[in-house]
Amino acid sequence: MHTKSSASIRSLAVLRRNSTGEDVRFLQQQMNAIKFFRPSSNLPLLASDGIFGPITESAVKTFQSTERILVDGIVGNQTWSALFRIIVPIVQHAFNVNPFRVEFAPGTSSAVLENGVIRGDRDVYVLEAATGQRMKFQMSSPENNAVYDLSDPLGGVLQQESRQGEITLPPSHDFQTGYYYISVGGTRGNAGYQLRVEII
């Protein structure tokens, strides 16, 4: 079970026509990233407005058809998983990963993520941040066998197989604010862990 400090951690929502909010905006940003990675995808450029309207629904159906999954315009676990297999290289083979969003409580800038992963699996978290901000990480695990990877909103790996680190998020021509991916796994066997994440 996940525990947390000064943060909210939850699964991404099931989205459909007329859904609104941050998860919809997150979906739209990731669909735009797929358009960037795959110019042949025929996906439209979506406004990241957090409104699941007809254009977003059409883009989802196009994506579902391309990935040969149920074409219903609904973004559930199957569609989220297909999306993350493409957009996040560190979870390309984790077919059932449904990332957790980390949201800091108002007035706070750090959280402790605590869980355990089975050998071969990954926990994936998404956290919104801006270029130029600094992220700090400190991993602890009883058997010293847990590590994390950090990827940018377009899937570029910034840190890999790390136990601690600090990084200033590099500038990008494609985004200023976006969702960064933290992937946690074990180097051997099952791994329990506590990962402190701080944004400065």
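Colleague: Not counting residues up to four places away in sequence, which residues does Ser162 touch?
Modeller: Let's place it first: in this predicted model, Ser162 lies in strand 7, residues 157-162. Its relative accessible area is 14%, and that is under the 20% cut-off, so Ser162 counts as buried. Setting aside residues up to four places away in sequence, what Ser162 touches is Val147 and Tyr148.

Colleague: What is the phi of Glu161, roughly?
Modeller: Glu161 is also a strand 7 residue, and it is partly exposed at 44% relative accessible area. Most residues other than glycine have a negative phi. Glu161 is not a glycine, yet its phi is positive, at about 50°.

Colleague: And Arg68, is it buried or exposed?
Modeller: Arg68 is found in the loop between helix 2 and helix 3. Like Glu161, it isn't a glycine but has a positive phi, here near 60°. Its relative accessibility is 80%, which is over the 50% cut-off, so Arg68 counts as exposed.

Colleague: Where is Asp72?
Modeller: Start with the two helices on either side: helix 2 takes in residues 54-66 and helix 3 takes in 77-87. Asp72 has a relative accessible area of 31%, so it is partly exposed. Its place is in the loop between helix 2 and helix 3.

Colleague: How far apart in space are Asp72 and Lys61, C-alpha to C-alpha?
Modeller: Leave aside neighbours within four places in sequence, and Asp72 is in contact with Lys61 and Gln64. In sequence, Asp72 and Lys61 are 11 residues apart. In space, C-alpha to C-alpha, the figure is 6.5 Å.

Colleague: Which residue's backbone nitrogen does the Asp72 side chain reach?
Modeller: This one is about a side chain meeting a backbone atom. The distance from the Asp72 side chain to that nitrogen is 2.9 Å, within the 3.5 Å allowed for a polar contact. The nitrogen belongs to Ile74.

Colleague: Which residue in helix 1 is about one helical turn from Arg25?
Modeller: Helix 1 runs over residues 22-37, and the two residues in question are three apart in it, which means about one helical turn between them. Their side chains meet in a salt bridge, 2.7 Å from N to O. Side chains of opposite charge can pair when their charged atoms come close. The partner of Arg25 here is Glu22.

Colleague: How many residues apart are Glu128 and Arg25?
Modeller: These two form a salt bridge as well, with the closest N and O atoms 2.8 Å apart. The pair links distant parts of the chain: Glu128 is in strand 4 (residues 123-130), while Arg25 is in helix 1, and the separation is 103 residues.

Colleague: So which residues are linked in that network of salt bridges?
Modeller: Arg25 bonds to Glu22 through one salt bridge and to Glu128 through another. Arg25 is buried at 18% relative accessibility, whereas Glu22 is partly exposed at 35% and Glu128 is partly exposed at 30%. The network is made of Glu22, Arg25 and Glu128.

Colleague: What relative accessibility does Arg101 have?
Modeller: Arg101 has a salt bridge with Glu103, the closest N and O atoms being 3.0 Å apart. Glu103 is partly exposed, with a relative accessible area of 25%. Arg101 counts as buried, because its relative accessibility is 4%.

Colleague: How many salt bridges does the count come to?
Modeller: Among them are Arg25 with Glu22 and Arg101 with Glu103. The count comes to eight.

Colleague: Which residues do ring pairs link into a cluster?
Modeller: Searching the whole structure turns up four aromatic pairs. Ring pairs join a set of residues into a cluster: Phe26, Trp80 and Tyr179.

Colleague: Over residues 90-96, how many contacts beyond four places in sequence does the model have?
Modeller: For the chain, the mean pLDDT is 84, and 86% of the residues reach 70 or more. Residues 3-8 are below 50, and that stretch has 22 contacts beyond near neighbours in sequence. Where pLDDT is low, the predicted coordinates should not be read in detail. Residues 90-96 also stay under 50, and their number of contacts beyond four places in sequence is 12.

How values were computed:
Residues are numbered from 1 along each chain as its sequence is written. Side-chain values use heavy atoms; hydrogens and water are left out. Helices (H or I, at least four residues) and strands (E, at least two) are DSSP runs, numbered from the N terminus. Buried means under 20% relative accessible area, exposed over 50%, partly exposed in between (1.4 Å probe, protein chains only). Contact means heavy atoms within 4.5 Å. A polar contact is a pair of N or O atoms within 3.5 Å; within protein, one must be able to donate a hydrogen and the other to accept it, and residues adjacent in sequence count only if both atoms are side-chain atoms. A salt bridge is a side-chain nitrogen of Lys or Arg within 4 Å of a carboxyl oxygen of Asp or Glu. Rings of Phe, Tyr and Trp (its six-membered ring) pair if their centres lie within 6.5 Å; planes under 30 degrees apart count as stacked, over 60 as edge-to-face and the rest as tilted. pLDDT is the predictor's confidence in each residue, from 0 to 100.
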